[in-house]
Amino acid sequence: MILDVKKITKKYNKLVAVNDISLQLEENEILGLLGPNGAGKSTFINMILGLTKVDSGTIEIFEKKLNRIIKKKIGYVPQDIAVCNELNAYDNVMFFGKLYGLRGDKLKESVKKAMEFTGLWERRKESPKKYSGGMKRRLNIACAIVHEPQLLIMDEPTVGVDPQSRNNILETIKKLNESGTTVIYTSHYMEEIEEICTKVAIIDNGELIIEGTSDSIKNEVLTEKLVRLQLEDEIEKSIELINDIEGVISLSISGDTVTIKSKKEIDNLAIIIEKLVKANIKIISINIEQPTLEAAFLSLTGKTLRD
Ligand SMILES: Nc1ncnc2c1ncn2[C@@H]1O[C@H](COP(=O)(O)OP(=O)(O)O)[C@@H](O)[C@H]1O
Ligand SMILES: [Mg+2]
């Protein structure tokens, strides 16, 4: 096991930033900590990293308490970008490589690899001052992966970056994971979490609300499904026909489209279509709304992630 967190709590005076959270992480997972601003994500990972003291609870990382040897197995990309503008990009990564004990050819190779990975090699001689926000972020990531950590912890690495950098960052995470790196990734963008994470933990107000795979969370939380049928005509008649089919909870009409809300566990789409076809009602299009983590979050907390 890479991480075993038991009942950790952190208070800032009366504010409970992290409340009694337990969480385990196996090797080679990408764990997404998902929650709105102020949920407690940074506080949680800062405790794992030993940057913030826990008030209570225990943390084991690589099956031990955090120590200097274990710290070398971890890469950390902080929420606030930290690069040195006095050094060029290459020397920034060199600096971190040396800090982690790399020397000689191994150091040079590792710096090149990290900068290629993050798409910065061509522009390594420039000062970070000339970099865009997204490139600075990628430089931060290059610094964090130069020593090939077994565990990479990234705090909101895509906030404020351009789409190209965002894609590079997500691809970098996937590639690192494929080569064996375990990743902890915090974000308030649920699309990103759905895209890359093998395990998701939703945090709100310092509490762990639910954890699992993106699919298992949606399955557990969302009890309804939506199907939209666009019809040529005879909307009113279609309503009558569909209304008492098993599983249908409610129907609504908007223009030429009927929206059917059904119980998730009842598969009634074939029956609905058959009834309409038999009554000679022509279906122009069928749209099945895919459940999202955003919908699960809304259902669990009563608010949207972007509040
Ligand atoms: N050093 C601190 N002193 C006082 N309050 C803090 C400190 N750090 C974080 N907090 C508070 O703890 C809560 C959780 O913050 P944080 O962990 O940064 O959330 P997130 O990373 O999910 O946005 C917030 O209400 C924040 O204002
Ligand atoms: Mg944060």
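**Exercise 1.** List the residues around ligand 1 and sort them by character.

*Solution.* Begin with the shell itself, where a residue is included if one of its heavy atoms lies within 4 Å of the ligand: the residues around ligand 1 are Tyr12, Leu15, Ala17, Pro36, Asn37, Gly38, Ala39, Gly40, Lys41, Ser42 and Thr43. This is a predicted model, in which local features need pLDDT of at least 70, side-chain atom pairs count only at pLDDT 80 or more, and totals for chains, interfaces and linings use all residues. Residues are numbered from 1 along each chain as its sequence is written, chains are lettered from A and ligands numbered from 1 in the order in which they are written, and side-chain values use heavy atoms, with hydrogens and water left out. Next, sort the shell, counting Gly as polar: five residues are nonpolar, five polar and one charged.

**Exercise 2.** Determine which secondary-structure elements supply at least two residues of this shell.

*Solution.* Taking helices (DSSP H or I, at least four residues) and strands (E, at least two) as numbered from the N terminus, one finds that β2 (15-25) and α1 (41-48) each meet the requirement. The largest share, three residues, comes from α1.

**Exercise 3.** Identify polar contacts (pairs of N or O atoms within 3.5 Å) to oxygen atoms of ligand 1.

*Solution.* Start with the backbone, where an N or O atom of Gly40 lies 2.9 Å from a ligand oxygen. Then turn to side chains: Ser42 places an N or O atom 2.9 Å from an oxygen of ligand 1, and a polar side-chain atom of Thr43 lies 2.6 Å from one. Finally, consider accessible area (Shrake-Rupley method, 1.4 Å probe): ligand 1 taken alone exposes 560 Å², of which the protein buries 60%.

Terms used: A polar contact is a pair of N or O atoms within 3.5 Å; within protein, one must be able to donate a hydrogen and the other to accept it, and residues adjacent in sequence count only if both atoms are side-chain atoms.
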